[in-house]
Amino acid sequence: MEVRFCAERHTPDIEIEIQETIETVNGIIAIICNVCAISSIALCLLIAAVNLKFKGDQAIAKTSPLLNNFILSGSILVLTCASTLSSTSVTPDLDVYLISCYATAFTFFLGSTSLFAALFLKVWMLNKAAKPLKAQRLPTDILVMSLQDVC
């Protein structure tokens, strides 16, 4: 089966419609990304508020609230990269595009570095706390701390 391109059937109006459809789809995807990122940032801020309000509580004090705040701030920075990246799909201006690209790279790298540094430090602290107890079973406190970090 052979497909031929007919020049008479290809009009500029169809190209304009296709371009408008692509821009509409890009705009919808950008809105979805922003809504998801904003709701995740709101969830991180809610967790940070609970962490600060109940930092004297035994369960939160055992999970090192300062590291939890570093983890949450790194998560927020990584999530803001979704907002800065989504503006690149809807802007025709090259300057805004370049600023969005630089902001995306900056927030992603800074956020992921602080996020993973805090997570690795927390794992190291849990390992250090569990090391003297190798002959015994892990106490439930360390298990609860690790489950809270995963959640």
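This report covers the fold, one long helix, the cysteines and a surface patch of a predicted model.

**Overall fold**

The chain has 151 residues, and 21% of them are buried. Its secondary structure amounts to five helices and zero strands. From start to end, the order of elements reads α-α-α-α-α. Contacts between residues at least 6 apart in sequence were sorted by separation: 67% of them join residues at least 24 apart. The exposed area of the chain is about 11,200 Å². Carbon and sulfur atoms account for 71% of that area.

**Helix H4**

Helix H4 runs over residues 94–130, a total of 37 residues. From first C-alpha to last, H4 reaches 53 Å. That is close to the 54 Å expected at 1.5 Å a residue. The buried residues of H4 begin with Ser 100, Thr 104 and Thr 107. Gly 111, Ser 112, Leu 115 and Ala 118 are also on that list. Lys 122, Leu 126 and Ala 130 complete it.

Thr 104 sits in H4. It counts as buried because its relative accessibility is 11%, below the 20% cut-off. Beyond residues up to four places away in sequence, Thr 104 touches Cys 81, Thr 84 and Leu 85.

Ala 105 also belongs to helix H4. Its relative accessibility is 31%, so Ala 105 counts as partly exposed. The C-alpha of Ala 105 is 9.0 Å from that of Leu 85, and 20 residues separate the two along the chain.

**Helix H3 and Ala 82**

Ala 82 is part of helix H3, which spans residues 65–86. Ala 82 is partly exposed because its relative accessible area is 26%. With neighbours within four places in sequence set aside, Ala 82 contacts Asn 34 and Ala 37. Ile 38 lies 44 residues from Ala 82 in sequence, yet their C-alpha atoms are 9.3 Å apart.

**Accessibility at a glance**

Five residues discussed in this report are set side by side below.

| Residue | Relative accessible area | Class |
|---|---|---|
| Thr 104 | 11% | buried |
| Cys 81 | 12% | buried |
| Ala 82 | 26% | partly exposed |
| Cys 101 | 30% | partly exposed |
| Ala 105 | 31% | partly exposed |

**Cysteines**

A disulfide is a covalent bond between the sulfur atoms of two cysteines. The count of disulfides here is zero. Cys 81 shows why a bond is missing: the closest cysteine sulfur, in Cys 33, is 9.9 Å from its own, too far for a bond. The cut-off for a disulfide is 2.5 Å between sulfur atoms. Cys 81 is also buried, with a relative accessible area of 12%. Cys 81 is one of the residues that Thr 104 touches. Cys 101 is partly exposed, at 30%.

**A nonpolar surface patch**

Leu 43, Leu 46, Ile 47, Val 50 and Phe 54 make a nonpolar surface patch. The patch covers about 450 Å². One of its members, Phe 54, lies in a loop. That loop links helix H1 (12–53) to helix H2 (58–62). Phe 54 has 40% relative accessibility, so it counts as partly exposed.

Methods:
Residues numbered from 1 in each chain as written. Predicted model: local features only at pLDDT ≥ 70, side-chain atom pairs only at ≥ 80, totals over all residues. Heavy atoms only, no water. Patch = residues over 30% accessible without salt bridge, like charges linked within 9 Å, V, L, I, M, F, W, Y side chains within 5 Å. Areas by Shrake-Rupley, 256 points an atom, 1.4 Å probe, with all protein chains shown as cover. Salt bridge = Lys/Arg side-chain N within 4 Å of Asp/Glu carboxyl O. Helix = DSSP H or I, 4+ residues; strand = E, 2+ residues; numbered from the N terminus. Buried < 20%, exposed > 50% of the residue type's maximum accessible area, 1.4 Å probe, protein only. Contact = heavy atoms within 4.5 Å. Expected span 1.5 Å × (residues − 1).
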